[in-house]
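Please open the structure in your viewer and keep the selection panel at hand. The tour proceeds by selections, each followed by a description of what is found there.

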Amino acid sequence: MSGSELDSIRRPDFKRRIDRAKRRAIGRLRVIRKSRKLAMARAEKIARRAKRRALVQVRVVRSKLPTEKRRLHASFLMRRIRWETSARVYATRAGEFALKISATLLSCIPAALVFFFEGQGGKASESHLTAAQIIGAALALVLSLSIIPAQRAAELLSMPILHLYAKDKALISVFLILVGTTAASVFLGSLAVDIPFRWAIALQFLLLGVSFDALRLFYSRVLDLLVPSTAIDIVVSTCERLIAQVSNVVEKFLKVQSVSGMSDEAQPVTRAVVFANSHVPRHLNFWTAQLEEFARRFVARKDTSAANHTIKGLERIGLNYLEARKKSILLHVDPNFPFSGGMSEISNVLNPIYESISSIVTDATAEKNERIVTRCVNSFGSMVEATTFATTEVHGSLTAPLAFGAAFYFDRCIQSAVNAQMPDAVLSGIADIERILKRCPENVDLTGAISKLRDCLFFVAGAGYARDDHLWTFPAVSAMLKSVNRELQANGDHHSVLEELLERMARLVPLEVAKDIAGQRRLETFPAYNSLGFDASLPFLLQSISQKIKPVESGKRLRSDPFADFVEAATEINHHFQRLAKIDLKNSLLRKWIVDTLIATVRVHYFLMVAPPTGTEGFIDEVKRSMTSMMSWLPRFFPETQPFQEHFAKEAADDIVLLGIEALRRQWWDVVRACETTLKALAPAEVFGESKRYFVADIQQHIEILARAADGAGAKSIATSLRVPINRPSGMNDSSWQALLSALSNRRRHLEEEIAGYRGSRMRRRDPVATMLEFVKACQASASGTTSVPNSQRG
């Protein structure tokens with residue numbers, strides 16, 4: 001094949017390759033252009049997004065700018081106020097200090113001027129001697145005028161205060177300063193001193209200034225000593241100093257014993273022996289008697305401020321001594337009272353203080369000075385609280401042996417305030433007792449003291465009914481309930497505490513009824529039966545016990561009933577309701593609160609049955625029997641022999657119907673039977689058929705509502721039992737029987753109208769009709785609602 005032929009063959013193929021390469025290049029160029037456009041679009045998008053973010057941040061900063069500005073301004077103002085306050089404090093302190101040494105500061109001026117003026121020097125001895133005479137005269141004046149506060153103290157207080165005034169540090173300091181400046185002036189004026197004239201005169205001016213400042217200090221101290229509170233502070237300081245000295249000696253002695261190898265267990269004995277054999281108890285008893293005498297004089301003079309200050313001093317002495325002896329409490333048996341238990345020699349100091357304050361209370365109540373009595377009550381409260389933490393170990397358990405004595409005197413003080421009709425003092429005592437019972441250590445045996453404080457609260461609560469306003473009754477009852485609630489939460493043994501509380505509440509109920517009937521009812525509800533607004537009422541106490549029931553671990557077998565404590569407490573409360581049912585409550589509002597409390601207690605049983613702790617489901621029958629037993633006592637609160645408001649019973653019937661519907665929902669047939677028995681016993685026709693026929697008709701309407709709920713649940717036998725018609729009472733005439741039948745027909749018609757008008761949009765929480773209709777609707781919608789009912793309940 002020739003070359004021309006080969007060229008003719010290769011040329012189309014070459015063109016084809018060139019065209020292909022050209023198309024490939026054009027395609028790549030298009031891709032590059034497209035990628036470039038996409039990149040530019042992406043870059044523009046990112047730039048727009050960044051711009052939007054920047055604008056958002058700018059807006060945020062602008063929105064936060066006023067807030068930040070206000071914050072900075074507020075911070076600046078706070079710092080400025082803090083700085084001004086600090087500057088004012090420092091300026092005040094500097095001014096007070098400058099005023100104390102004002103004479104010295106002023107004497108610096110002529111002392112400095114001596115160096116600036118040139119004059120003919122001379123003898124300075126005459127000037128020094130003259131100054132010495134001036135200062136000596138001031139010293140004589142000090143000694144003569146110091147008799148004034150001593151004479152005042154001897155007349156107003158007692159002679160032992162003179163010994164304390166004679167040892168007053170301020171007076172001794174003034175005396176020493178004046179003696180020193182006088183001696184220095186005489187020394188400068190003697191021939192033995194040869195110093196320049198200017199220096200001698202400058203020093204003499206300074207000595208005069210110091211002397212005059214000492215005179216001013218003496219004047220201020222004399223004014224303080226004329227105030228009775230200053231003498232009280234001196235006595236208290238003396239007692240505290242004695243206690244501190246003996247405490248330091250004890251600590252040094254214990255260090256020596258520790259180095260010698262004595263065990264730590266012997267340290268309390270050593271402390272007690274040293275304190276008992278020291279002079280501290282004797283001196284404290286002496287000054288306690290002196291303070292009592294001072295306070296009684298102040299009470300007679302109607303000097304309330306001084307008397308309160310004296311009582312505060314007695315409290316400080318007792319608290320300081322108790323704090324010093326807290327680690328050295330030893331008990332011994334008193335040979336005169338061998339069966340009274342262990343006693344401590346600390347009481348030899350504390351009991352005189354208690355007796356002194358009690359004597360002051362007696363005088364203050366006689367003078368009708370309530371402020372002093374309130375101060376005594378507060379002092380006793382502080383000392384009782386302090387004694388609860390002064391513990392020692394007896395037979396392996398901690399006890400506070402000093403607490404009962406303080407509680408005993410505290411009780412006497414509050415009883416004196418009650419008898420004197422001083423409400424502020426009594427209310428203050430109730431608040432102190434509540435605080436003490438709240439802060440008591442749980443691991444310390446305080447049975448005697450707590451029992452005494454509760455006895456005091458019960459006395460106050462009962463005495464409050466003697467007043468028209470019974471101002472302190474409800475606070476005292478509330479404090480009792482709160483203390484019992486705290487003990488039930490902390491202590492496992494609740495039988496005696498709860499039984500004592502219920503006994504006292506039952507004794508207060510007739511007094512509350514009498515106040516209610518007399519038209520002196522308060523706006524508050526009796527705390528024990530305030531089931532909604534008070535967190536320590538009877539239902540809450542029972543709930544506290546139920547919360548102590550612990551879940552059982554999986555696979556662990558119980559050997560005892562976990563609900564035993566709960567059932568026992570519920571039985572005690574049930575007995576309490578039985579006792580209340582025998583009291584004539586008359587037409588008082590207290591009947592409603594008691595019934596509401598009973599229903600709330602039944603509800604506590606119900607909620608425990610609904611959600612028992614894990615692993616305790618097999619023991620729930622005892623709780624169920626306790627609930628039905630408590631429920632059966634509801635009709636006893638609406639007897640024929642007592643007047644009562646019918647709507648109270650109707651509201652209770654609403655709660656029973658709601659409980660019965662919940663029992664139907666959970667297939668607790670024995671609970672439903674108990675609800676049926678309770679409703680039928682609430683308004684029997686043979687009792688109320690003639691006098692309150694519409695009341696009977698209303699209760700029959702509630703029974704019909706529960707029967708329709710039983711129909712919805714498929715419990716035909718229960719519904720049939722509920723619908724058993726009432727029989728005509730034997731002694732009822734025809735007209736009364738027809739009136740009763742008319743009332744029943746009227747209430748049945750109302751029930752049908754209410755059911756027909758129900759739309760389901762306004763369901764009230766306590767509406768039995770709405771609850772029944774919703775329950776029937778749920779039963780009809782549930783496929784298992786009809787198959788789960790046992791044949792024994794179907795009929």
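**A first stop in helix α13**

Begin by selecting Thr374, which is placed in helix α13, spanning residues 370-387. Please bear in mind throughout that the model is predicted. Is Thr374 buried or exposed? Its relative accessible area is 17%, and because the limit for a buried residue is under 20%, Thr374 counts as buried. Next, display the residues around this side chain. Leaving aside residues up to four places away in sequence, Thr374 touches Asp424, Ala425 and Ser428.

**The open sheet**

Now select strands β3, β4 and β5. These 3 strands form an open sheet, arranged in the order β3-β4-β5, with mixed pairing. The edges are occupied by β3 (392-394) and β5 (444-445), each of which pairs on one side only. Turn next to β4, residues 397-399, and follow its pairing with β5: the two strands run parallel and are joined by 2 bridges. Within this pairing, select Leu398 and look across to β5, where Val444 stands opposite.

**A nonpolar patch on the surface**

Switch to a surface representation and select Leu141, Leu145, Ile148, Tyr219, Leu223 and Leu226. Together these residues form a nonpolar patch on the surface, with an accessible area of about 520 Å². Which elements give two or more residues to the nonpolar patch? They are helices α3 (125-145) and α7 (197-225). Keep Leu141 selected; this residue is found in helix α3. Its relative accessible area is 43%, which lies between the 20% and 50% limits, so Leu141 is classed as partly exposed.

**The whole protein**

Finally, clear the selection and zoom out to the complete model. Colouring by secondary structure shows 31 helices and 5 strands. Along the principal axes, the C-alpha atoms fill a box of roughly 145 × 130 × 60 Å. The radius of gyration is 46 Å, whereas a compact globule of 795 residues would have a value near 28 Å.

Colouring by accessibility gives a further view. Of the 795 residues, 44% are buried. The accessible surface of the protein comes to about 43100 Å², and carbon and sulfur atoms contribute 56% of it. As for contacts, among those with a separation of 6 or more, 76% are between residues 24 or more positions apart.

Note on methods:
Residues are numbered from 1 along each chain as its sequence is written. This is a predicted model: local features need pLDDT of at least 70, side-chain atom pairs count only at pLDDT 80 or more; totals for chains, interfaces and linings use all residues. Side-chain values use heavy atoms; hydrogens and water are left out. Two strands pair if DSSP finds at least two bridges between them. Helices (H or I, at least four residues) and strands (E, at least two) are DSSP runs, numbered from the N terminus. Patches are made of residues with over 30% relative accessible area and no salt bridge: like charges are joined within 9 Å, nonpolar side chains (Val, Leu, Ile, Met, Phe, Trp, Tyr) within 5 Å. Accessible areas come from the Shrake-Rupley method with a 1.4 Å probe; for residues, only the protein chains shown count as cover. A salt bridge is a side-chain nitrogen of Lys or Arg within 4 Å of a carboxyl oxygen of Asp or Glu. Buried means under 20% relative accessible area, exposed over 50%, partly exposed in between (1.4 Å probe, protein chains only). The radius of gyration is taken over C-alpha atoms; the globule rule is 2.2 Å times the number of residues to the power 0.38. Contact means heavy atoms within 4.5 Å.
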